[in-house]
Amino acid sequence: MKSAKTHAVASVVLCTLTLAVTLAARDALPEQVPMQWGLTGEASSFWPRDAVVFGVPAIALLATAAIVFLGTR
């Protein structure tokens with residue numbers, strides 16, 4: 001159980017660091033951030049900047065919470 005708690009804490013710390021880094025770089029990001037590239041190397045999918053800055057860390061945090069919840073059942 002200690003290992004699971006350690007992993008959960010480490011994951012939350014990494015999610016927080018991701019949010020801090022993306023917030024710090026927010027103004028340097030374009031309005032539309034490329035999120036997927038095709039085989040030719042051309043961007044094929046774009047997300048709004050704020051969805052990247054806040055959404056990606058939030059999704060990671062929700063995934064961590066789900067894993068911790070399911071791991072304790």
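At 35% relative accessibility, Asp50 falls between the buried and exposed classes and counts as partly exposed. That residue is a handy way into this predicted model, since Asp50 pairs with Arg26 in a salt bridge whose closest N and O atoms are 2.8 Å apart. Below you will find the salt bridges, then the packing of two helices.

**The network around Arg26**

- Asp50 sits in helix H2 while Arg26 sits in the loop between H1 and strand E1 (32-37), so their salt bridge ties together parts that are 24 residues apart in sequence.
- Arg26 also forms a salt bridge with Asp27, and here the closest N and O atoms are 3.7 Å apart.
- Taken together, Arg26, Asp27 and Asp50 are linked in a network of salt bridges.
- How do the partners of this network differ in accessibility? Arg26 has 24% relative accessibility and therefore counts as partly exposed, whereas Asp27, at 68%, counts as exposed.

**The Arg49–Glu31 pair**

- Arg49 forms a salt bridge with Glu31, with the closest N and O atoms 2.6 Å apart.
- This pair links distant parts of the chain, given that Arg49 belongs to helix H2 and Glu31 to the loop between H1 and E1, 18 residues apart.
- Is Arg49 buried or exposed? With 13% relative accessibility, Arg49 lies under the 20% cut-off, so Arg49 counts as buried.
- Glu31, on the other side of the salt bridge, is exposed, with a relative accessible area of 53%.
- For the whole model, the count of salt bridges comes to three.

**How H1 and H2 pack**

- Two packed helices are described by the angle between their axes and by the distance between those axes.
- For helix H1 (residues 2-24) and helix H2 (residues 49-71), the angle is about 175° and the axes are 9 Å apart.
- An angle over 145 degrees counts as roughly antiparallel, which is why H1 and H2 are described that way.

**What lines the helix contact**

- On the H1 side, the contact residues are Ala8, Ser11, Val12, Cys15, Thr18, Leu19, Thr22 and Leu23.
- On the H2 side, they meet Val53, Phe54, Pro57, Ala60, Leu61, Thr64 and Val68.
- Which kinds of residue make up the contact of H1 with H2? They divide into eleven nonpolar, four polar and no charged residues.

Conventions
Residues are numbered from 1 along each chain as its sequence is written. This is a predicted model: local features need pLDDT of at least 70, side-chain atom pairs count only at pLDDT 80 or more; totals for chains, interfaces and linings use all residues. Side-chain values use heavy atoms; hydrogens and water are left out. Axes are lines fitted to C-alpha atoms, for helices over the stretch in contact, and angles run from 0 to 180 degrees between N-to-C directions. Helices (H or I, at least four residues) and strands (E, at least two) are DSSP runs, numbered from the N terminus. Angles under 35 degrees count as roughly parallel, over 145 as roughly antiparallel, 65 to 115 as roughly perpendicular and the rest as oblique. Contact means heavy atoms within 4.5 Å. Ala, Val, Leu, Ile, Met, Phe, Trp, Tyr, Cys and Pro count as nonpolar, Asp, Glu, Lys and Arg as charged, and the others, Gly among them, as polar. A salt bridge is a side-chain nitrogen of Lys or Arg within 4 Å of a carboxyl oxygen of Asp or Glu. Buried means under 20% relative accessible area, exposed over 50%, partly exposed in between (1.4 Å probe, protein chains only).
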